[in-house]
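User: I'd like to go through this model and check what stands behind each label. Can you walk me through it?

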2 protein chains.
Amino acid sequence: MDKNEVIERILAGFNPSACGLPEDFILTKLTGAKGCGCKILLQLLENFNETKVVDNDEIGIGLDSCVVPLRHDGFKLVQTTDFFYPLVDDPYLMGRITVANVLSDLYAMGVTECDNMLMLLGVAADLDGKQRDVVIGQFIKGFKDAACCAGTKVRGGQTVKCPWLLLGGVGSAVVADSELRRVDAAQPGDVLLLTKPIGGQVAVNSYEWLKKKTGRVEELGLDEKRIVRAFQQVSEQMCRLNRNAARLLHTHNAHASTDVTGFGLLGHADNLARAQQKPVCFVIDNLPIIEYMDEIARKMPSGNGFNLFSGTSAETSGGLLIALKQEDAQNYIRDIAELDGFPAWIVGRVEEAMDGVCKAVIHKDFSVQTIPSRIHSG
Amino acid sequence: MDKNEVIERILAGFNPSACGLPEDFILTKLTGAKGCGCKILLQLLENFNETKVVDNDEIGIGLDSCVVPLRHDGFKLVQTTDFFYPLVDDPYLMGRITVANVLSDLYAMGVTECDNMLMLLGVAADLDGKQRDVVIGQFIKGFKDAACCAGTKVRGGQTVKCPWLLLGGVGSAVVADSELRRVDAAQPGDVLLLTKPIGGQVAVNSYEWLKKKTGRVEELGLDEKRIVRAFQQVSEQMCRLNRNAARLLHTHNAHASTDVTGFGLLGHADNLARAQQKPVCFVIDNLPIIEYMDEIARKMPSGNGFNLFSGTSAETSGGLLIALKQEDAQNYIRDIAELDGFPAWIVGRVEEAMDGVCKAVIHKDFSVQTIPSRIHSG
């Protein structure tokens with residue numbers, strides 16, 4: 001299934017009965033948690049790993065992938081794992097999203113060739129035999145298709161029974177030094193570029209309100225059609241591999257990069273800022289947001305639903321956030337539009353950290369840029 | 001914590017209140033499944049992976065690890081993952097068992113150097129904050145200590161909330177061809193050697209009957225002391241790395257090898273037999289069983305509790321099963337006793353498959369060899 005077929009599938013919507021599931025079957029009901037928004041143990045894990053950056057050559061837990069110098073000279077093992085819960089109802093698309101989300105951690109380091117994928121699967125005990133075969137069969141197909149698009153293969157994994165449907169994978173690459181980009185060389189004067197708009201958590205949740213008829217849509221006076229359109233938009237971008245985005249890190253001399261997932265744009269920007277060699281502050285002054293999601297966030301009681309405007313709203317399989325020179329950024333934006341068919345945006349700049357403390361902030365006068373969907377039927 | 005300290009810990013037994021947990025805290029209650037006995041989807045996974053052995057150089061799902069030829073000449077990525085549920089009550093020991101169980105798949109291929117480990121953790125929602133910190137803290141410590149004993153490090157992982165406590169890991173090694181043993185060269189005339197006794201499932205379950213006061217112990221008229229002793233024995237062997245066993249595969253010219261886990265001795269012997277180049281039948285005629293476990297299996301209504309005598313009783317972090325020449329086997333047994341301090345046994349022989357179909361069988365006149373515990377206090 002190629003890119004356009006994925007888009008067709010997204011636009012058609014998931015029809016449970018067409019693949020032998022009950023009409024009211026809702027995949028996302030098979031879990032009590034959602035997406036990546038369940039990283040509860042970060043502090044414990046940080047205690048456990050004494051330092052984030054072990055030495056110049058070995059990056060531990062905390063950045064996107066671990067990088068392990070090998071016993072065999074000149075090569076490094078770059079590896080990442082992720083597992084989470086369903087956020088869309090089509091198990092085929094969930095398979096694709098799982099792969100895109102796992103591989104994104106490799107792509108964030110400039111690694112474009114994944115040598116192997118493992119699949120991790122917890123199969124919900126609630127599923128009867130027929131449902132299990134459909135759901136897991138479709139998930140595996142999506143997982144495998146996406147791995148194929150990424151130029152890799154799935155050659156192992158593990159499956160267990162679990163009360164919740166649990167989806168994940170492991171991506172591994174053995175690379176020569178030249179295949180890996182340093183992610184810690186941001187310079188004052190660089191701009192910050194983002195390759196997918198934010199607002200994923202708002203899009204997924206508002207669609208769930210609609211689908212599960214929670215009453216929230218009516219309560220907030222929301223437009224159903226615009227919710228569906230945003231859900232389609234986020235489904236497409238969650239399925240989209242950051243592989244071309246990774247290739248262009250090399251072409252356009254990226255100084256630092258990460259991918260945006262569970263901690264949101266600001267959370268990941270902050271993690272990246274803290275890993276820099278020079279004392280820098282990442283100032284985010286422009287938020288590209290999936291169309292209508294800013295309106296929903298404003299209509300919610302806090303006026304800042306899901307902390308969207310604070311930059312900490314979770315994304316799954318979000319874009320790459322990249323620090324690079326202004327002129328390189330222009331070329332990057334031109335090339336990514338050509339390769340992927342979707343735009344990228346400058347969201348801020350790198351400044352010298354006056355107090356010497358590396359961090360990321362949202363500028364008090366930030367602007368919101370509404371990003372309309374580019375996917376259409378037919 | 002070295003080997004002797006682990007044994008002391010096992011013999012002392014786990015005391016929940018000593019580490020701040022409620023006196024009646026039972027780790028294994030945090031799940032509805034146990035150990036590796038939950039591989040429900042093998043058929044689906046087999047359909048998904050068209051062939052087990054993709055080509056001579058690339059071994060897919062089905063054998064112990066996947067072996068991926070790399071883009072960089074002469075090297076292969078060997079990788080395995082496993083996740084499962086707690087089977088002993090001490091979270092520290094569960095951390096060690098998890099690592100031993102994951103790495104066993106690498107050791108079965110002759111790989112003795114793991115380059116990186118990832119930790120996979122689903123944290124039971126039932127745990128309150130304090131319990132979570134103790135249980136997860138101890139688990140991580142055990143995981144890390146065992147990785148250290150294996151000469152590797154934990155450099156990444158993922159943690160999610162999950163109704164059941166879920167434990168797992170990923171082991172990866174980048175190896176030169178010489179570090180990897182072929183596992184498909186068993187010869188008629190070889191003997192089959194096993195490095196840990198079977199009966200783990202009986203030991204873990206009978207201990208659970210005792211601990212949870214299910215009434216089963218009284219019903220079957222079992223000896224509590226002997227149950228505890230067997231549980232200590234199986235705890236030690238589940239914690240024990242198969243690393244020395246893997247080293248000796250090279251020293252003593254093993255022709256084929258696998259590790260014994262969820263499918264039991266016969267299940268894994270059969271998988272290994274089917275992967276052989278020559279038409280061979282693995283005939284198992286001797287079952288080394290943890291002391292007293294054969295008696296329990298006989299006292300159960302079927303007379304063959306947990307299918308122990310059928311060879312399909314599940315093991316976790318079981319021993320290596322190895323096909324090699326008779327004289328090499330004698331030297332192997334001598335060396336493993338010296339390196340690990342525990343014996344190994346000849347359990348059968350490799351015969352030519354008269355009908356050309358590779359398989360493993362239990363001989364109708366098999367003998368049972370009772371293996372007493374070698375671990376003692378003080």
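Analyst: Sure. A word on the record first: UniProt positions are given in the numbering used here, feature names are shortened, and annotations may be inferred rather than shown by experiment. With that said, UniProt (unreviewed entry) puts "domain: PurM-like N-terminal" at residues 64–161 of chain A, and its "domain: PurM-like C-terminal", also from an unreviewed entry, at residues 187–353 of chain A.

This is a predicted model, where local features need pLDDT of at least 70, side-chain atom pairs count only at pLDDT 80 or more, and totals for chains, interfaces and linings use all residues. Residues are numbered from 1 along each chain as written, chains are lettered from A and ligands numbered from 1 in the order written, and side-chain values use heavy atoms, leaving out hydrogens and water.

User: What makes up residues 64–161 of chain A, in terms of helix and strand?

Analyst: That span is 39% helix and 32% strand, and its end C-alpha atoms lie 28 Å apart. Helices (H or I, at least four residues) and strands (E, at least two) are DSSP runs, numbered from the N terminus. Residues 187–353 of chain A come out at 44% helix and 19% strand, with end C-alpha atoms 11 Å apart.

User: Which domains does the domain assignment give for chain A?

Analyst: Domain 1 covers 3–179 and domain 2 covers 191–371; such bounds come from an automatic or database domain assignment. Their centres, taken over C-alpha atoms, are 20 Å apart.

User: How do you know what domain 1 of chain A and domain 2 of chain A bury between them?

Analyst: Buried area is the accessible area (1.4 Å probe) that two parts lose on being put together, summed over both. Here that gives about 3100 Å², 61% of it on carbon and sulfur atoms. Taking contact as heavy atoms within 4.5 Å, 41 residues of domain 1 of chain A touch 34 residues of domain 2 of chain A.

User: What makes R243(A) and E113(A) a salt bridge?

Analyst: The rule asks for a side-chain nitrogen of Lys or Arg within 4 Å of a carboxyl oxygen of Asp or Glu. R243(A) and E113(A) have N to O at 3.1 Å, so the pair qualifies. The rule finds two salt bridges across the interface of domain 1 and domain 2 of chain A. On the domain 1 side, the elements giving two or more residues are helix 1 (3–12), helix 3 (91–107) and helix 4 (129–149) of chain A. Helix 3 of chain A has the largest share, nine residues.

User: Why is E179(B) called buried or exposed?

Analyst: Buried means under 20% relative accessible area, exposed over 50%, and partly exposed in between (1.4 Å probe, protein chains only). E179(B) has 19%, so it counts as buried. Its salt-bridge partner R71(A), with N and O atoms 2.7 Å apart at the closest, is at 38% and therefore partly exposed. R71(A) sits in the loop between strand 3 (66–69) and strand 4 (75–84) of chain A, and E179(B) in the loop between strand 7 (166–176) and strand 8 (191–194) of chain B, so this pair joins two chains.

User: What about D90(B) and R9(B): how far apart in sequence are the parts they tie together?

Analyst: 81 residues: D90(B) is in the loop between strand 4 (75–84) and helix 3 of chain B, while R9(B) is in helix 1 (residues 3–12) of chain B. Their closest N and O atoms are 2.5 Å apart, inside the salt-bridge limit. D90(B) is buried at 3%, whereas R9(B), at 22%, is partly exposed.

User: Why is helix 9 of chain A described as mostly covered?

Analyst: Nine of the eleven residues in helix 9 (residues 264–274) of chain A are buried, including L265(A), L266(A) and H268(A). Among the elements covering them are strand 10 (280–290) and strand 13 (359–371) of chain A.

User: And in chain B, why does H268(B) get its label, buried or exposed?

Analyst: H268(B), in helix 9 of chain B, has 6% relative accessible area, so it is buried. A polar atom of its side chain lies 3.1 Å from the backbone nitrogen of T261(B).

Definitions and conventions
Polar contact = N/O pair within 3.5 Å; in protein donor to acceptor, adjacent residues only side chain to side chain.
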